Structure formats: structure tokens, C-alpha cells
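Hi there,

Here is the structure I promised to pass on to you. Have a look at it first, and then read on for what turned up.

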Amino acid sequence: MASNTAESAGRDPTGLSIAIIGAGMGGLGCALALAKKGFTDVQVYETASNLGFVGAGIQMAPNLVRILTRLDCWDAIAADSTEVHDASIRDGASNSELTHVDMSTIRQTYGYPHCTGHRASLAGGLYQGCQKEPAIAFHFGHSLVSVDSFGPRPTFTVESRDTGRRQVTVDVLVAADGVKSVTRSQLLSQLGLTAAAEPTGQAAYRIMLPRDKMEADPDMMALLDSNQVTRWIGERRHWIAYPIHGRQIYNMSSCQPDVNFAPTLSATYTTKGSKSAMLGVYDDFCPLLKKMLDLVPDGEVCEWRLHVHKPLPTWVHGGVALLGDACHPTLPHLNQGAAMAIEDGAVLAEVLARVPLAASSSDSSPEQQVSAINRALQVYEELRKERTSTLVDLAAFSGRTLHLGEGKAKEERDRQFAEARNNGGTVPDKWASPDVQKMIYTHDCMQIAAASFQALYDKASPRL
Ligand SMILES: Cc1cc2nc3c(=O)[nH]c(=O)nc-3n(C[C@H](O)[C@H](O)[C@H](O)COP(=O)(O)OP(=O)(O)OC[C@H]3O[C@@H](n4cnc5c(N)ncnc54)[C@H](O)[C@@H]3O)c2cc1C
């Protein structure tokens with residue numbers, strides 16, 4: 001359904017042509033949000049030949065579930081998800097609980113649940129939503145190779161294995177091409193800057209234990225049949241784990257110094273990890289954790305090298321905007337990377353639906369349209385930059401706190417964990433801290449975009 005929110009007598013911006021690079025979480029969310037706003041021409045270009053998501057779990061917090069509900073795709077995703085009622089933060093070596101956070105009232109407090117699920121369910125739910133929208137066309141097996149012009153109308157070259165290269169010109173180009181974004185490099189180089197995603201010195205193992213492998217062990221089954229996210233922490237390392245896929249799978253992911261990563265990098269910074277190296281890294285962790293790690297067959301350990309990027313001076317140039325990991329990659333400790341990417345997409349749709357265009361294309365000079373689009377994209381950046389910087393910084397801060405070694409700082413952290421258990425106060429593991437949850441979950445990015453668009457648009461001057 002089209003929501004004609006364009007300026008009073010102006011031409012409806014939903015006829016603008018929009019290309020999205022990347023059918024990851026952010027690209028899919030953005031395409032669906034645009035179609036729900038009534039945009040009629042949304043073309044998604046994705047390098048992969050299908051939605052090939054690394055098998056792994058994902059936490060979906062209420063701020064994300066709010067958007068998925070509004071995009072009418074949450075029910076399908078919810079069917080395969082598990083609602084989180086507890087967070088248990090434990091000492092990795094002893095398995096003793098440092099703190100416990102009751103999350104059973106999250107749905108009631110924030111109107112939406114906090115859930116765990118399979119990445120494939122989240123991506124699949126978004127994709128199915130997109131497939132119901134005639135406005136959205138997918139071009140799998142198509143890579144953006146260059147942005148040839150950022151304006152007045154963005155022009156870029158895509159390459160397909162089957163049909164070769166071709167140039168495409170659109171009104172708006174959204175780069176949701178992930179942490180290794182080609183568009184970001186080209187945008188920065190246009191501005192005379194060079195910068196690349198940087199390794200954080202940390203890597204993550206990701207493993208998934210099927211229910212039948214855990215069945216013989218009551219302690220493991222208690223974890224699998226719970227509504228709990230459990231984190232085991234130690235010096236410079238941790239594991240976080242939770243049930244997914246209707247409790248048929250226990251999903252575990254870690255973070256540790258990046259020393260065992262295979263020398264050959266895949267395009268996605270993932271590689272097959274060595275099981276014996278993984279067991280070695282966690283050799284001093286508790287027997288329960290080690291028993292679980294030992295269930296993984298050789299060859300099924302996946303390792304990700306974790307990257308971030310220095311804050312960008314801008315996310316927008318001409319008619320091009322960056323979105324998601326392309327402009328604010330994050331460490332995973334706050335479980336908000338995909339949520340932020342999908343929030344970006346939802347905000348971009350709100351903003352583009354309000355681009356004030358002149359009454360008819362004949363009245364509207366190309367300059368008027370290009371300038372209005374650029375100002376609207378700046379509003380998107382303005383609405384998103386502070387929020388995402390705050391969450392990226394908080395994720396990094398939380399990681400440093402979780403990974404403390406022996407000493408005064410760790411003693412103070414553990415005192416805070418103990419105090420939080422007793423009085424429900426702030427928790428050093430920030431994703432589980434009620435004050436941080438309140439800040440993240442109450443942020444209704446779509447409503448804020450709708451309410452503040454006009455004032456921010458009026459302040460923006462075109463940068464072309
Ligand atoms: C260990 C770990 C755990 C995490 N846990 C959580 C969690 O619990 N909750 C959460 O919200 N987030 C989590 N995240 C973060 C989340 O996965 C990412 O932030 C999110 O996927 C970013 O989405 P995106 O769309 O920006 O990028 P991506 O999902 O990476 O998508 C980018 C897409 O662009 C495509 N692409 C790239 N280049 C091109 C090109 N040139 N042409 C065409 N297509 C291209 C890629 O193939 C890919 O499909 C976690 C991340 C890690 C590493």
C-alpha cells in the first residue's frame with residue numbers, strides 16, 4: 001500500500017528508481033521497507049547466486065522485532081524463534097554464575113519480545129516478504145564492480161557471470177554491500193580519502209549442536225530446553241549460546257584473539273576452523289563447555305575474522321547512501337549489527353517517501369530532484385549516525401569489560417555483576433543491562449524519522 005507522504009502538492013516520490021546492492025539483512029530489510037512505503041521500482045543486486053546464509057543463530061531484540069512486525073514478516077520468523085526470558089553470565093572456568101538477568105517481562109515492557117533464531121529464518125522471512133511485493137526484483141549472481149557516477153543520477157556497473165557487464169542508472173543507489181563494501185571505498189576515494197575495514201584482532205567460532213547429540217547429557221539438555229542466553233567469560237575470550245530452530249539446535253559463538261584463523265581469507269572473512277585449535281583456546285574453560293565443544297564434528301567449525309571500520313566522515317554522496325555494515329560495522333557483543341542494518345533500511349524508506357519533488361516531472365528540473373534526494377539522504381544519515389555510533393562503541397566497550405584478566409578492574413566488574421543480581425541494576429555485559437536495553441529497545445526509528453524529517457530536511461543543504 002502506498003503511503004503518499006510526499007510534500008503537499010508534490011509529485012509522489014514512490015516512482016523513483018532505487019537500486020540496492022546486497023541482499024544481506026540490511027538490503028532485504030530496506031527493499032521490503034521501500035515496497036511497503038509504496039515504491040514501485042526496487043532492484044536488488046546480490047553477488048551470491050542465492051540467499052546463502054552462513055548457518056548460525058542470531059538474537060532479535062525488540063527494536064528489530066518492532067520493524068519486522070510493521071513490515072509484516074515477523075510471524076513467519078517468530079514461528080521458528082525462541083523467546084528469551086533469562087540471561088545468565090558465567091565465569092568460563094568454573095561455570096559459576098556471575099549474574100542472572102530476568103528478561104521475562106521484556107515483551108510486556110517494550111511491546112515486542114527478545115528472541116533467538118536462525119539467520120536463515122530471519123533472512124528467509126524478509127525474502128519471502130519481498131517476494132510478495134511486485135515492486136522488488138532480485139538479480140542474484142550480480143556484483144557491483146564500480147560506481148561510475150555518484151550524481152546527478154548514480155550510475156554503476158554490475159557484472160553477472162552469465163550476461164557480463166552492464167551499466168545501470170537510477171535515482172537512488174543504496175549500498176548494503178556489507179563490511180567489505182566496494183561502494184564505501186569508492187565513495188571515500190571520491191572524497192580524497194582512503195580507508196578500509198580493519199581487523200579487530202578478534203575472531204569468532206560459530207558452531208551448532210543438533211538436539212540428538214545433546215540428548216544423553218541432562219546439563220546440556222537443560223540449556224537447550226531453556227529460554228536462556230548463556231555467556232561464559234574468561235580473559236580475552238568468551239562463548240555465548242542459546243537454543244534456536246524450535247530448540248532443535250544449540251547455537252554457540254565465541255570471541256577470542258585472532259591467532260588461529262586460516263591464512264587464506266574467503267570473501268566473507270570466514271573460514272573452516274580447526275577443532276583441535278578451538279579446543280586448545282578454551283582448554284581452561286569448564287567441563288560442561290568443553291563437552292559441548294567436543295560434540296562438533298571435525299570440519300564443522302566455522303571461524304569469522306571480526307572487522308570494524310573507523311567512523312566515516314559521511315555515508316552519503318550525490319544520490320548514493322551506505323547502509324548497515326558498509327558504514328558502521330560492529331563487534332557482535334551487543335547483538336545489534338543486523339538490527340541496526342534493518343533499522344537503517346526502515347529509516348531510509350521513511351525518508352525517501354518524504355522527498356519533496358516538484359508537481360510534475362516537467363516542472364521538476366533534474367537539479368531540483370537530485371538536490372531533494374541528496375538532502376533527504378543527508379537526513380537519513382543524521383537520523384542514524386549518532387544511534388549507530390553509540391551502539392558500535394558500546395559493543396566494543398562491553399567486549400573489553402567481558403574479556404578482562406585478573407586485577408582490580410575485573411574485581412570491580414565482578415562486584416557489579418553480583419550487585420546487578422541483587423538489585424537488578426546495571427550489568428557489565430551491556431546487552432543484558434536493563435538500562436541499555438531500555439535505551440536500545442524504546443528507540444522507534446521509524447516514528448522518529450517520520451516526526452523529524454521536515455525539520456532536518458529544512459536544515460540540510462545539498463552537497464552535490
Ligand atoms: C559472530 C557474529 C555474531 C552476530 N550476532 C548478531 C546478533 O545476534 N544480532 C544482530 O542483530 N547482529 C549480529 N551480528 C551482526 C550481523 O550479522 C551484521 O551486522 C549484519 O549481517 C549486517 O548486515 P548487512 O546487510 O549490512 O551486511 P551483510 O549481511 O554482510 O550483507 C551484505 C551483502 O552484500 C553482498 N555484497 C557484497 N558486495 C557486493 C557487491 N559488490 N555486489 C553485490 N552484492 C554484494 C554480500 O554477498 C552480502 O549478501 C553478528 C555478527 C557476527 C560476526
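Let me start with helix α15, which covers residues 445–459. Its 15 residues, at 1.5 Å a residue, should span 21 Å, and its end C-alpha atoms are 20 Å apart, so the two values agree. Please keep in mind that this is a predicted model. Helix α15 also has a bend of about 55°, placed at S452.

Which residues of α15 are buried? They are C445, A449 and F453. The spacing fits a general rule: an α-helix has 3.6 residues a turn, so residues three or four places apart point the same way. The cover over the buried residues of α15 includes α11 and α12, the latter running over residues 366–402.

Helix α11 leads us to the ligand. This helix (337–352) is one of the elements that give two or more residues to the shell around the ligand, and its four residues are the largest share. The other elements that give two or more are α1 (25–36), β2 (41–46), β3 (57–60), β9 (142–149) and β18 (302–308). There are 33 residues around the ligand, and those that come nearest are G22, G24, G26, G324 and G337. Sorted by class, the shell has 17 nonpolar, 13 polar and three charged residues.

Now for the chain as a whole. It has 15 helices and 20 strands. The radius of gyration is 23 Å, close to the 23 Å from the globule rule for 464 residues, so the chain is as compact as a globular protein of that length. Along the principal axes, the C-alpha atoms fill a box of roughly 70 × 50 × 40 Å. Of the 464 residues, 49% are buried. Taking contacts between residues at least 6 apart in sequence, 74% join residues at least 24 apart.

One last spot to look at is A196, in the loop between α6 (182–190) and β13 (198–210). Is A196 buried or exposed? A196 has 12 other C-beta atoms within 10 Å, and a residue with 12 or fewer counts as exposed, so A196 is exposed. A196 and R184 are 12 residues apart along the chain, and their C-alpha atoms are separated by 8.7 Å.

Happy browsing, and do write back with any questions.

Best wishes

Definitions and conventions:
Residues numbered from 1 in each chain as written. Predicted model: local features only at pLDDT ≥ 70, side-chain atom pairs only at ≥ 80, totals over all residues. Near = placed C-beta within 6 Å. Nonpolar A, V, L, I, M, F, W, Y, C, P; charged D, E, K, R; others polar. Rg over C-alpha atoms; globule rule 2.2 N^0.38 Å. Buried ≥ 20, exposed ≤ 12 C-beta atoms within 10 Å, placed from the backbone. Contact = placed C-beta atoms within 7 Å. Expected span 1.5 Å × (residues − 1). Bend = angle between axes of the 7 residues up to and from the residue.
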